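Ready for a few short exercises? Take a look at the structure first, then work through each task and its solution.

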Amino acid sequence: MNATGLPGDGSDPVLAEVPPPVDVESWVREVADDFPAGLAKDFVLIAEELVANARRHAGGPLLVRLRREGRAVRVEVQDRSPSLLPVLGRPDVPTHGTGLLLVNRLSSHWGFRCEDGYKVVWAEVRAP
């Protein structure tokens, strides 16, 4: 996995095959390598959670994309389910949705968009 061309030029490396979580971590760390250690760790947790959610709730991610624009990094995870919208915690099932609470707390911004036949959940972190 190579993040060629990344630092700050807005390039958009894409993984053709979604790697196991341990590889997602190394790829994400490469993109945010100049961020303060705590912020890079937050970005890794965010990316891992979004990939895990796609695996758990939508039959796996179709695509994981990282973008770097100046002092911001963004992860986008595309999955097969346009109808399953992300939910922040569920009072009736306390163990569900807690990952998105983490994403909400650690990211600068996050959201989702539904397209024809798929959904993309994204999160962004900005360095000071």
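**Exercise 1: Pairing strands**

Strand 4 (residues 109-115) and strand 5 pair in the antiparallel sense over 7 bridges. Here strands (E, at least two residues) and helices (H or I, at least four) are DSSP runs, numbered from the N terminus, and two strands pair if DSSP finds at least two bridges between them. Before going on, note that this is a predicted model, where local features need pLDDT of at least 70, side-chain atom pairs count only at pLDDT 80 or more, and totals for chains, interfaces and linings use all residues. Residues are numbered from 1 along each chain as its sequence is written, and side-chain values use heavy atoms, with hydrogens and water left out.

Task: find the residue of strand 5 that Arg113 stands opposite, then look at the turn.

Step 1. Opposite Arg113 you'll find Val120 in strand 5.
Step 2. The two strands make a hairpin, with 2 residues between them.
Step 3. In that turn, Gly117 has a positive phi of about 95 degrees.

**Exercise 2: The other hairpin**

Task: describe how strand 2 and strand 3 pair.

Step 1. Strand 2 and strand 3 run antiparallel, paired over 8 bridges.
Step 2. Pick one bridge: Pro61 has Asp79 of strand 3 as its partner.
Step 3. Now the hairpin itself: 2 residues sit between the strands, and Gly70 takes a positive phi near 60 degrees.

**Exercise 3: The whole chain**

Task: write down the order of elements from the N terminus on.

Step 1. Count them up: the chain has 3 helices and 5 strands.
Step 2. Read along from the N terminus and you get β-α-α-β-β-α-β-β.
Step 3. Of the 128 residues, 44% count as buried (under 20% relative accessible area; exposed is over 50%, partly exposed in between; 1.4 Å probe, protein chains only).

**Exercise 4: Buried or exposed?**

Task: decide whether Gln78 counts as buried or exposed, and do likewise for Asp34.

Step 1. Gln78 belongs to strand 3 (residues 72-79).
Step 2. Gln78 counts as buried because its relative accessibility is 17%.
Step 3. Leaving aside neighbours within four places in sequence, Gln78 is in contact (heavy atoms within 4.5 Å) with Pro61, Leu62, Leu63, Tyr118, Lys119 and Val120.
Step 4. Asp34 sits in the loop between helix 1 and helix 2. Its relative accessible area is 41%, so Asp34 is partly exposed.
Step 5. Not counting residues up to four places away in sequence, Asp34 touches Arg68 and Arg71. Asp34 and Arg71 are 37 residues apart in sequence, yet 9.5 Å apart in space, C-alpha to C-alpha.

**Exercise 5: Into the core**

Task: which residues have the most contacts inside the largest nonpolar core?

Step 1. A nonpolar core is a set of buried Ala, Val, Leu, Ile, Met, Phe, Trp, Tyr and Cys residues joined through side-chain atoms within 4.5 Å.
Step 2. The largest one has 26 residues, and Phe35, Phe43, Leu50 and Val75 have the most contacts inside it.
Step 3. Among the elements that each supply at least two residues of this core are helix 1 (21-31), helix 2 (37-57) and helix 3 (98-106). Helix 2 gives the largest share, 9 residues.
Step 4. Zoom in on Phe35: leaving aside neighbours within four places in sequence, its contacts include Arg68, Arg71, Val73 and Val125.
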